[in-house]
Amino acid sequence: MSKPEQPNVLKQPLPRLVARQPRGFVDRSSPDIAATDRMLAAIRETYELYGFEAVETPFVEFTDALGKFLPDQDRPNEGVFSFQDDDEQWLSLRYDLTAPLARYVAENFDTLPKPYRSYRSGWVFRNEKPGPGRFRQFMQFDADTVGAASVAADAEICMMAADTLERVGIARGDYVIKVNNRKVLDGVLETIGLAGEEKAHTRLVVLRAIDKLDRLGPDGVRALLGEGRRDESGDYTKGAGLPADLVDHVLALTGAKGQTAQATLANLARVVGASARGAEGVAELEEIASLVAAAGYADGRVEIDPAVVRGLEYYTGPVYEAELTFEVKDDEGRPVRFGSVAGGGRYDGLVARFRGEPVPATGFSIGVSRLLAALKLVKSPIVTDAAARGPVVVLVMDRDQVAHYQAMVARLRAAGIRAEMYLGSSGMKAQMKYADRRGSPCVVIQGSNERAAGEVQIKDLIEGAAQAAAKAGSIADSAEYRAQRLAQFSVGEDLLVEAVREVLARHGG
RNA sequence: GCAGCUGUAGCUCAGUUGGUUAGAGCGCCUGAUUGUGGAUCAGGAGGUCCCCCGUUCGAGCCGGGGCAGCUGUACCA
């Protein structure tokens with residue numbers, strides 16, 4: 001083996017690397033990780049309370065198991081990160097947690113209890129253009145019931161979604177779980193003559209138009225159902241090309257929401273007309289509504305909303321969406337539309353792809369990053385309490401006493417107090433700054449004077465900051481400023497642990 | 001993907017009709033008694049003016065082409 005070439009850094013430095021991330025991928029900092037962990041724990045508790053059990057599947061699946069081959073090509077779909085294994089089989093990073101669950105259930109079908117109720121969280125990957133709050137790697141938290149055909153399973157998941165949002169700190173009234181049924185949408189499309197294979201494209205365009213109701217309003221949807229729509233940048237979107245009377249019929253569906261669930265259901269029954277499939281959908285919604293009402297969740301927490309569409313790929317029955325309804329402003333004072341933080345529905349065909357028989361299933365998925373962003377905006381305690389305090393910092397005043405400082409740190413740690421000795425090479429002022437930036441509750445100072453007296457100084461940084469803020473502007477020169485030594489006291493070195501404990505206790509921990 | 005807008009210091013941004021060595025505020029570092037974060041003052045470090053090509057005696061500025069970001073739109077399992 002020959003010696004590897006060593007780059008000669010002295011003579012000819014290599015071109016400097018640019019430190020950067022691929023777009024759509026982000027680093028996570030300590031507070032974010034802490035807040036996310038707390039939020040995930042709260043979600044997990046709620047799911048466990050409902051009787052769901054944990055399961056985990058890997059990041060990588062066979063591409064065909066995810067259902068992501070283009071119909072006519074031997075090549076994975078765009079939007080999915082894919083690569084070929086050494087045996088040339090296509091593999092993909094999972095783009096959601098539902099398709100892998102379907103694979104898992106199919107593979108372990110005979111040993112799993114049915115209905116099989118499980119939850120899992122994890123990273124998923126989508127190879128597409130990122131946007132604000134939209135990344136190429138993000139986390140989802142799903143719960144699914146597989147093997148239950150009853151819409152009671154759907155109703156339960158809606159109620160659990162409501163409980164989950166409240167558990168993580170979204171107040172009742174600040175969210176709504178909207179429920180619809182794909183069969184109702186199919187029924188309406190049938191009554192306006194959009195049944196059959198040759199109308200599939202138009203159906204798609206119509207469903208997409210309906211899905212945009214909350215963003216574009218009825219007029220925007222009307223334009224998209226008819227000729228088309230020009231947006232504010234001047235870009236044009238071709239419409240479905242429906243005649244005016246059919247456009248009205250579709251808008252009658254999206255506007256079918258009444259004051260009560262009964263009124264909404266009556267409107268829907270009218271709009272689906274003679275369609276058997278539509279009537280089936282309305283009946284399912286009716287059953288969900290009565291289950292939700294019986295459990296006491298019909299107080300605005302769970303509502304029928306005929307404009308909910310969700311994804312177009314695999315939903316077959318009830319669909320649901322958790323929407324946040326409160327108004328917020330961003331950093332520049334612009335109103336932010338928060339919208340959907342979770343969604344799901346019934347996908348009776350997904351497991352069936354792996355088995356001869358149909359397997360009913362329903363589930364939903366929380367967008368973890370979006371929900372966390374929402375919790376920050378409403379200042380949920382889950383997020384705000386997660387701002388972890390830093391360690392106690394023992395300053396290094398005399399280099400030749402490092403062993404002694406380290407011994408003090410060891411005593412603090414032995415007492416269960418997070419502590420560290422300053423490991424840099426800067427002076428005291430920089431060490432104070434360091435402790436400040438770490439969020440330390442206090443620092444321990446021992447110079448030659450204190451050591452001679454067998455004492456240590458303890459400075460309470462939190463109290464010190466408060467006192468300094470109170471005096472801001474009233475201090476004339478730097479000598480006076482330095483002489484203040486705010487919130488600082490001396491104590492015998494043997495009482496170090498007790499004194500630090502006292503400071504920590506002052507600040508609740 | 002399509003459309004519009006924007007790329008100058010770590011961040012937010014100035015930069016004249018094209019003209020020496022490209023600036024400010026904040027942040028960062030150092031210092032102001034031996035030993036004090038958050039106040040004040042003084043100093044310092046930090047730049048491929050997004051990249052390439054062109055026009056010009058001369059380009060941060062003008063032209064062309066890329067790339068990236070933002071906003072909208074499309075897609076969203």
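## Ground rules

In this report a residue is buried when its relative accessible area is under 20%, exposed when that area is over 50%, and partly exposed in between, using a 1.4 Å probe and protein chains only. E88 is exposed by this rule because its relative accessible area is 60%.

What you see above is a predicted model, in which local features need pLDDT of at least 70 and side-chain atom pairs count only at pLDDT 80 or more, while totals for chains, interfaces and linings use all residues. Residues are numbered from 1 along each chain as its sequence is written, chains are lettered from A and ligands numbered from 1 in the order in which they are written, and side-chain values use heavy atoms, with hydrogens and water left out.

## Around the RNA

Let's begin with RNA strand B, which is surrounded by 52 residues, the closest being R208, G311, G464, A465 and Y481. Here a residue is near the strand if one of its heavy atoms lies within 4 Å of it. Sorted by class, this surface holds 25 charged, 16 nonpolar and 11 polar residues. In that sorting, Asp, Glu, Lys and Arg are charged; Ala, Val, Leu, Ile, Met, Phe, Trp, Tyr, Cys and Pro are nonpolar; the others, Gly among them, are polar. Turning to the strand itself, 49% of its atoms within 4 Å of the protein belong to sugar or phosphate, and the rest belong to bases.

Some individual contacts are worth finding on your screen. The side chain of R126 has an N or O atom 3.0 Å from a base nitrogen of RNA strand B. Phosphate oxygens of the strand are approached by K429, with an N or O atom of its side chain at 3.2 Å, and by K433, with a polar side-chain atom at 3.1 Å. Elements that give two or more residues to this surface are α6 (213-225), α13 (428-438), α14 (448-453), α15 (461-471) and α16 (478-484). The largest share, six residues, comes from α13. Helices (H or I, at least four residues) and strands (E, at least two) are DSSP runs, numbered from the N terminus.

## Aromatic pairs

The whole structure contains 11 aromatic pairs. Rings of Phe, Tyr and Trp (its six-membered ring) pair if their centres lie within 6.5 Å; planes under 30 degrees apart count as stacked, over 60 as edge-to-face and the rest as tilted. One tilted pair is Y47 with F364, at 6.4 Å centre to centre and 50° between the planes. Y47 lies in helix α1 (residues 30-49) and F364 in strand β15 (residues 361-367), so this pair ties together parts that are 317 residues apart in sequence. Both residues are buried.

Another tilted pair joins Y104 and Y116, with 6.3 Å between centres and 35° between planes. Y104 belongs to helix α2 (residues 98-107) and Y116 to strand β5 (residues 116-125), 12 residues apart. Y116 is buried, with a relative accessible area of 2%. Y47 and F364 also appear in one aromatic cluster with F52, Y119 and F141.

## Arginines over rings

Where does R301 place its charged end? That end sits over the ring of Y297, 4.1 Å from the ring centre. A charge counts as over a ring if NZ of Lys or CZ of Arg is within 6 Å of the ring centre and within 35 degrees of the ring normal. R301 is in the loop between α9 (276-294) and β10 (302-304), and is buried at a relative accessible area of 9%. R355 likewise lies over the face of F109, at 3.9 Å from the ring centre.

## Cysteines

How many disulfides does a search of the whole structure find? The count is zero, where a disulfide would be a pair of cysteine sulfur atoms within 2.5 Å. Among the cysteines, C158 is buried with a relative accessible area of 1%, and C442 is buried at 0%.

## Backbone details

Most residues other than glycine have a negative phi, and most peptide bonds are trans. The bond from K114 to P115 is cis, with omega near 0°, and P115 is in the loop between α2 and β5.

E88, not a glycine, has a positive phi of about 70° and is found in the loop between β3 (82-84) and β4 (90-93). K379 also has a positive phi, near 55°, and belongs to the loop between α10 and α11 (381-384). K379 is exposed, with 62% relative accessibility.

Note on methods. A polar contact is a pair of N or O atoms within 3.5 Å; within protein, one must be able to donate a hydrogen and the other to accept it, and residues adjacent in sequence count only if both atoms are side-chain atoms.
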